[in-house]
Amino acid sequence: MAYQSLRLEYLQIPPVSRAYTTACVLTTAAVQLELITPFQLYFNPELIFKHFQIWRLITNFLFFGPVGFNFLFNMIFLYRYCRMLEEGSFRGRTADFVFMFLFGGFLMTRTLCDSFSKLRGWTGCFSTVSKSEELLTQVLQLDTYIFSWKMYFPINLVE
């Protein structure tokens, strides 16, 4: 009985949100079960373009770290906001939602490739990370609650 209700709830998720969330959970499960390693998934332009490991263009968007509290919250937010977008702004326009995903992924990948090419390695990514850290330190509004990034990471309080 519980299996049927869980299955029905799963099938009620819009198709793109269901596929992306399932791919993220399965990728993380494969890493957790040591079928693959995170080193086979991460974004590395040298391996992508010189060794033709094209899957890295996709898999870096599917792995959210080891199973734990952070992974659980990442999956909840991913599921919730993808579903809200697909059922709200993109209702009846699945192709537009897929295009938005692909375009956003392309822009993020392009930014990382530019960072790698400018400083030849991970140091180029730090400028991108430091700019996005400024956004993360700003106040985020989630539902009706307002949280600060420093609330979750006490290490940021020591400056």
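How exposed is glutamate 9, going by its relative accessible area? Glutamate 9 is partly exposed, at 39%. Keep in mind that this is a predicted model. Glutamate 9 is a handy way in, since it belongs to a network of salt bridges along with Arg83 and Glu87. Below you'll find that network, a separate ion pair, a helix packing, a greasy patch on the surface and two loop residues with unusual backbone angles.

**Salt bridges**

- The structure has 3 salt bridges in total.
- One of them joins arginine 83 to glutamate 9, with 3.7 Å between the closest N and O atoms. That pair ties together distant parts of the chain: glutamate 9 sits in helix α1 (residues 2-11) and arginine 83 in helix α5, 74 residues apart.
- Arginine 83 also meets glutamate 87 in a salt bridge, at 3.1 Å from N to O. Here the partners are 4 residues apart in helix α5, so about one helical turn separates them.
- Put those together and you get the network of Glu9, Arg83 and Glu87.
- Is arginine 83 buried or exposed? Arginine 83 counts as buried, because its relative accessibility is 15% and the cut-off for buried is under 20%.
- Both acidic partners are partly exposed: glutamate 9 has a relative accessible area of 39%, and glutamate 87 has 31%.
- Away from that network, arginine 93 and aspartate 96 pair up through their side chains, again in a salt bridge, at 3.1 Å from N to O.
- Arginine 93 is partly exposed at 39% relative accessible area, and aspartate 96 is also partly exposed, at 39%.

**Helix packing**

- Helix α5 packs with helix α2 (residues 15-32) at an angle of about 165°, and the two axes are 8 Å apart.
- Why do α2 and α5 count as roughly antiparallel? Their angle is about 165°, and angles over 145 degrees count as roughly antiparallel, so that is how this pair is classed.
- The crossing of α2 and α5 is right-handed.

**Nonpolar surface patch**

- Which residues form the nonpolar patch on the surface? They are Phe69, Leu72, Phe73, Ile76 and Phe77, with about 470 Å² of accessible area together.
- Phenylalanine 73, one of the patch residues, belongs to helix α5, which covers residues 69-87.
- Phenylalanine 73 is partly exposed, with 35% relative accessible area. To join a patch, a residue needs over 30%, so phenylalanine 73 meets that cut-off with its 35%.

**Loop residues with positive phi**

- As background, most residues other than glycine have a negative phi.
- Glutamate 34 goes the other way, with a positive phi near 60°. You'll find glutamate 34 in the loop between α2 and α3 (45-50).
- At 69% relative accessibility, glutamate 34 counts as exposed.
- Phenylalanine 52 has a positive phi too, near 55°. Its place is the loop between α3 and α4 (56-59).
- Phenylalanine 52 is likewise exposed, at 63% relative accessibility. The cut-off for exposed is over 50%, so phenylalanine 52 qualifies at 63%.

Definitions and conventions
Residues numbered from 1 in each chain as written. Predicted model: local features only at pLDDT ≥ 70, side-chain atom pairs only at ≥ 80, totals over all residues. Heavy atoms only, no water. Patch = residues over 30% accessible without salt bridge, like charges linked within 9 Å, V, L, I, M, F, W, Y side chains within 5 Å. Areas by Shrake-Rupley, 256 points an atom, 1.4 Å probe, with all protein chains shown as cover. Salt bridge = Lys/Arg side-chain N within 4 Å of Asp/Glu carboxyl O. Buried < 20%, exposed > 50% of the residue type's maximum accessible area, 1.4 Å probe, protein only. Axes fitted to C-alpha atoms, helices over the stretch in contact; angles between N-to-C directions. Parallel < 35°, antiparallel > 145°, perpendicular 65-115°, else oblique. Left-handed = near helix turned anticlockwise from the far one by under 90°.
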